[in-house]
Amino acid sequence: WRYGILICFTGFAIFIIFRHLNSLVRSNSLKFSAESANVASEVVQCFKGFKYFIATNRLDALVSSIKVSISKLRQIQFLLGLTAAFTRSVREPITVIVVVSIIYFQVVILGEDIAPIIVSTLFLYRALNSLMAVQINLQGLYENGGSIEIVESELHNLQSKRNSGAGSIKAAFENEIRFSNVSFSYEENTRALNEVNFSIPKGASVAFVGQSGCGKTTLLDLLTRVIQPEHGKIAVDGVDISGFQIGSWQQLIGYVPQEPIILADTIFENVTFGGQNPGQSSQEVKEVEVKELLAKVGLGELLEGLPLGVHTSLGEGGLGLSGGQKQRLAICRELFKKPQLLVLDEATSSLDKNSEAIIFSCLKQLSNDVTVIIVTHSPEMVDWVDHVVHLQGGVISAQGPWANVFHGSGVN
């Protein structure tokens, strides 16, 4: 029994030592992954803004910052290599020391015969070798698991933020969306929106217009539940949207940002991405539906000139597509989702007038099938919408039909 207690004590001591070693490796792995991400971000920033950094004599400062990060990476990598080398190099010595120590304690300290423990000691030696091999592999997992852990942590944080304040009611939009005395502030004592009131009937087309910083995008963020109002109420058919399940409400919304997200994949995959019904794979989606949607947004001619049709790969960021074509492809993706609301946040601000006119002509036709909400700096392009909301300094300065807002109320 003394022999058994000694083995247990020895095993516990080894466990404590390697537990601290694994903790150190995990900590250094997290630091290495975070610093690697920082270096990658700085290098990308350097290439993207190379002309600016050269012209303003700031390149040396950025390069110095990158060098500091690389130096940190080297130090962390050295520590990781040192701990890995230590574990591999002490594998045999630790095993031998443990076995010899147990024999010494049994024979010299306790004065007992060695014969009864020979077989047990042989098994112990083999077991210790196996355990040390497990430790080396486990340490390797900790060493390479930092980046995975960081990604999982970020995804968890995003999911937590998305689910914060989530209600339990399944969203539905049948009649109207109403903003009642809605206010929101990004900074204390400075309201981005102040006591905003308006309604959006289902099937209507609405444009939010005004100068930069007047609160247009904030309205969209509130509507899509990216942020929550500080005061007031946003109701859909009389139900406060804070009571909706976030996923079910956002599933009703098609959102097209200023910079469209184009996947490095085929046209088909770009259109169908995230739009399939539960349990339905992209392969089961009929190509005819994708082609009809592409024709609807004015990309039919582009498709006819492609040998592989909808299965043509677009490359990184939609290489080869114009800005207008990218935006129309992004609109097509949202339409495939079959939304009840199609929201465009400054989606044409980076386009030339001709491309912008094509996009708005497309939206005019789509407004017969879906509720369209547009944020734009070009009010002259949206004279076809049912309702215009003109914002100034976070408040509504005028609203109503386009002609009334821009001719009847004196708004420029």
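Accessible areas here come from the Shrake-Rupley method with a 1.4 Å probe. By that reckoning, the protein in this predicted model exposes about 22800 Å², of which carbon and sulfur atoms supply 58%. Of its 412 residues, 40% count as buried, and its secondary structure comes to 14 helices and 10 strands. Among the contacts in the protein with a separation of 6 or more, 71% are accounted for by residues that stand 24 or more positions apart.

**Aromatic rings**

- A search of the whole structure finds 5 aromatic pairs, and one of them joins Phe184 and Tyr186, whose ring centres are 4.8 Å apart and whose planes stand at 80°, so this pair is edge-to-face.
- With regard to accessibility, Phe184 is buried, having a relative accessible area of 9%, whereas Tyr186 counts as exposed at 52% relative accessibility.
- The rings of Trp402 and Phe406 have centres 5.3 Å apart and planes at 40°, so the pair they make is tilted, since an angle counts as edge-to-face if over 60 degrees and as stacked if under 30.
- Trp402 and Phe406 belong to helix α14, which covers residues 402-408, and, being 4 residues apart there, they are separated by about one helical turn.
- Trp402 is buried, with a relative accessible area of 18%, and Phe406 is buried as well, with a value of 12%.
- Phe179, Phe198 and Phe208 form one aromatic cluster.

**Lys202 and its partners**

- The side chain of Lys202 meets that of Glu174 in a salt bridge, with 4.0 Å from N to O.
- This pair links distant parts of the chain, 28 residues apart, for Lys202 lies in the loop between β2 (190-201) and β3 (205-209), while Glu174 lies in the loop between α6 (146-163) and β1 (176-187).
- The charged end of Lys202 also sits over the ring of Phe173, at 5.8 Å from the centre of that ring.
- Lys202 itself is partly exposed, with a relative accessible area of 37%.

**Lys338 and its partners**

- Lys338 forms a salt bridge with Glu289, in which the closest N and O atoms are 2.5 Å apart.
- Here too the pair links distant parts of the chain, 49 residues apart, with Glu289 in helix α10 (residues 287-296) and Lys338 in the loop between α12 (323-336) and β7.
- The charged end of Lys338 sits over the ring of Phe336, at 5.7 Å from its centre.
- At 56% relative accessibility Lys338 counts as exposed, whereas Glu289 is partly exposed, with a relative accessible area of 25%.

**A buried salt-bridge pair**

- The count for the structure comes to 5 salt bridges, and among them is the one in which the side chains of Lys216 and Glu346 meet, with 3.9 Å from N to O.
- Lys216 and Glu346 stand 130 residues apart and link distant parts of the chain, Lys216 being in helix α7 (residues 216-223) and Glu346 in the loop between β7 (341-345) and α13 (353-366).
- Lys216 is buried, with a relative accessible area of 4%, and Glu346 is likewise buried, with a relative accessible area of 9%.

**Helix α4 and a nonpolar patch**

- Tyr104, Val107, Val108 and Ile109 make a nonpolar surface patch of about 360 Å².
- Tyr104 has its place in helix α4, which covers residues 91-109, and this residue is partly exposed, with a relative accessible area of 47%.
- Ile94 lies in helix α4 as well, where it is partly exposed, with a relative accessible area of 24%.
- If residues up to four places away in sequence are not counted, Ile94 touches Phe18 and Met132.
- The C-alpha atoms of Ile94 and Leu128 are separated by 8.8 Å, although these residues are 34 residues apart along the chain.

How values were computed
Residues numbered from 1 in each chain as written. Predicted model: local features only at pLDDT ≥ 70, side-chain atom pairs only at ≥ 80, totals over all residues. Heavy atoms only, no water. Phe/Tyr/Trp six-rings, centres within 6.5 Å; stacked < 30°, edge-to-face > 60°. Buried < 20%, exposed > 50% of the residue type's maximum accessible area, 1.4 Å probe, protein only. Helix = DSSP H or I, 4+ residues; strand = E, 2+ residues; numbered from the N terminus. Lys NZ or Arg CZ within 6 Å of the ring centre and 35° of its normal. Contact = heavy atoms within 4.5 Å. Patch = residues over 30% accessible without salt bridge, like charges linked within 9 Å, V, L, I, M, F, W, Y side chains within 5 Å.
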